[in-house]
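I opened a fresh page for this chain today. My plan is to go from one helix outward to the loops, and then to the whole fold.

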Amino acid sequence: MLKGSIVALVTPFYEDGRVNYKKFVELLEFHLSHKTDGIVVLGTTGEASTLTQKEAEELILLSVNTIQKRVPLIVGAGSNDTVKATQLAKRYSELGADYILSITPYYNKTNENGLIHHFQSIADHCSCPVILYNVPSRTGMNISISALEVLSKHPNICGIKEASGNISYATEVATLINDNFILLSGNDDIIVPMMSIGAVGVISVFANIYPIETHEICKNCLEHNFAAALKIQLESLPLMQSLFLETNPIPVKEALNHLGFAVGGYRLPLYSMSPNAKVKLIEQIDMYEEKLRK
C-alpha cells in the first residue's frame, strides 16, 4: 500500500544544463537509505516541463533499476493535451512505473465533464494505477468534489494528491476514501492535519532535505501518535514554509546545494533564488540544523 513519506525528487543538473544522471542515482540511493517510503520522479519539483522525452525516459529507467521495487516509484505524466497525457502514462507504465501521477489540465482549462473524460482516458490506457494531482494554484483548475466522486470509482484511479491547501475541501475529499481510493497530502506544512482526516502520507518537497523527519511525521500519524507527529511538524514548519519563498523547486535546490548535495541549478524560466530570499532560507536551514544537533 502506498503510504508514508513520498519524496517529490529534484532533477540534478550540471552547470551547463545537462541532466546529472550520476547525481540522480546518488539521490535515489540517499532516499532508499534514509527511510523515504516512496519516490516521485518527473514531478513539478523534478522540473519535468523542461526535460526532453529522452531525458525523462532515462530518468525513469535509472529509477526502476536503482529502486528495484524497494519502495514504490511514482512517475509524473501530466499534460493539458489528453492524448499526450494518455500516451505518456501508457509509456511510463510500460517502462516500470508503479504509479502514474496525473495533473489537471492547465491553460486550456476544461469543464467538469471534460475533466472526468480526461482522467478516465488516462486511466483506461495505463497498466498501473493512476493518482490524480490537484494543485489549483499552479493549474488554475480545481477538481470538484462531484467530479472526484465519479473518478474515485474508476478501477484504475487509486487516489489523489491534494495540494490546494484548503482543509475544508480536503475534508470533503476524505469522505471518498475507501480501500481502493487514498488521499495524500500535497503540502508539507499541513501533513498532520491532512493525516488526521484520513490521508495516508505526503508527497513532499521537504523530504528532499530531511527525509527521516518527514518519515517520522507520517509514521507517527499512521500509528495515531499525533502528538509526536505534531511536535516534529511544528518544529519543521518555518523551514517548510521557507521552501516556498519562491517558486518550487528553486528554494529546495538552493537548500540541497547549501547542505552539500551539489544538485546544480535550473532550466529557464526557473532561475537562481533572489539574494534576500536565499539569506532567509539559509538562516532557517542553519537554525533547523542546530535544533537537530541538540
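**Entry 1: helix α3 and its neighbours.** I began with the packing of α3, whose buried residues sit against α2 (53-67), β3 (73-76), β4 (99-103) and α4 (112-125). Before going further I noted that this is a predicted model. Which residues of α3 are buried? I found A85, T86, L88, A89, Y92, S93 and L95.

I then checked the length of the helix. α3 covers residues 82-95, and its 14 residues at 1.5 Å each should span 20 Å. The end C-alpha atoms of α3 are 20 Å apart, so the expectation and the model agree.

**Entry 2: A77, just ahead of α3.** The next stop was A77, which lies in the loop between β3 and α3. Is A77 buried or exposed? Its relative accessible area is 2%, so A77 counts as buried, the cut-off being under 20%.

I wanted to know what covers A77. Leaving aside neighbours within four places in sequence, I listed contacts with A85, L88, A89, Y92, I100 and L101. Of these, A85, L88, A89 and Y92 also appear among the buried residues of α3. I also took one distance here: A77 and A89 are 12 residues apart in sequence, and their C-alpha atoms are 5.5 Å apart in space.

**Entry 3: two positive phi values.** I looked at Q68 and Y107 for their backbone angles. Phi of Q68 is near 50°, a positive value in a residue other than glycine. Q68 sits in the loop between α2 and β3. At 60% relative accessibility Q68 is exposed, because the cut-off for that class is over 50%.

Y107 has phi near 70°, again positive in a residue other than glycine. I placed Y107 in the loop between β4 and α4. With a relative accessible area of 79%, Y107 is exposed. Both loops adjoin elements I had already met in the packing of α3.

**Entry 4: cis peptide bonds.** Where does P249 sit in the chain? I found P249 in the loop between α10 (226-242) and α11. The peptide bond joining N248 and P249 is cis, with omega about 10°.

Another cis bond runs from L268 to P269, and there omega is near 15°. P269 belongs to the loop between α11 and α12.

**Entry 5: G265.** While I was in that region I looked up G265, which is in the loop between α11 (250-258) and α12 (275-293). What does G265 touch, leaving aside neighbours within four places in sequence? I noted F13, E47 and K253. I also checked G265 against I250: they are 15 residues apart along the chain, with 8.3 Å between their C-alpha atoms.

**Entry 6: H215 and T171.** H215 is in helix α9, residues 211-222. Its relative accessible area is 13%, so I entered H215 as buried. Beyond neighbours within four places in sequence, H215 is in contact with S5, K35 and D37.

T171 is in helix α7, residues 167-174. Is T171 buried, exposed or in between? At 36% relative accessibility T171 counts as partly exposed. For a separation in space I paired T171 with E235, 64 residues along the chain, and got 25 Å between the C-alpha atoms.

**Entry 7: the whole chain.** I finished by stepping back. The secondary structure comes to 12 helices and eight strands. The C-alpha atoms fill a box of roughly 50 × 45 × 35 Å along the principal axes.

How does the radius of gyration fit a compact globule? For 294 residues the rule gives a value near 19 Å, and the chain has 18 Å, which agrees. Of the 294 residues, 55% count as buried. Among contacts with a separation of 6 or more, 70% come from residues 24 or more positions apart.

Two surface notes close the page. The chain exposes about 12800 Å², with carbon and sulfur atoms supplying 53% of that area. I also compared the charges: the mean positions of the 24 positive and 30 negative ones are 3 Å apart.

Methods:
Residues numbered from 1 in each chain as written. Predicted model: local features only at pLDDT ≥ 70, side-chain atom pairs only at ≥ 80, totals over all residues. Heavy atoms only, no water. Helix = DSSP H or I, 4+ residues; strand = E, 2+ residues; numbered from the N terminus. Rg over C-alpha atoms; globule rule 2.2 N^0.38 Å. Buried < 20%, exposed > 50% of the residue type's maximum accessible area, 1.4 Å probe, protein only. Contact = heavy atoms within 4.5 Å. Areas by Shrake-Rupley, 256 points an atom, 1.4 Å probe, with all protein chains shown as cover. Lys, Arg positive; Asp, Glu negative; His and termini not counted. Charge placed at Lys NZ, Arg CZ, Asp CG, Glu CD. Expected span 1.5 Å × (residues − 1).
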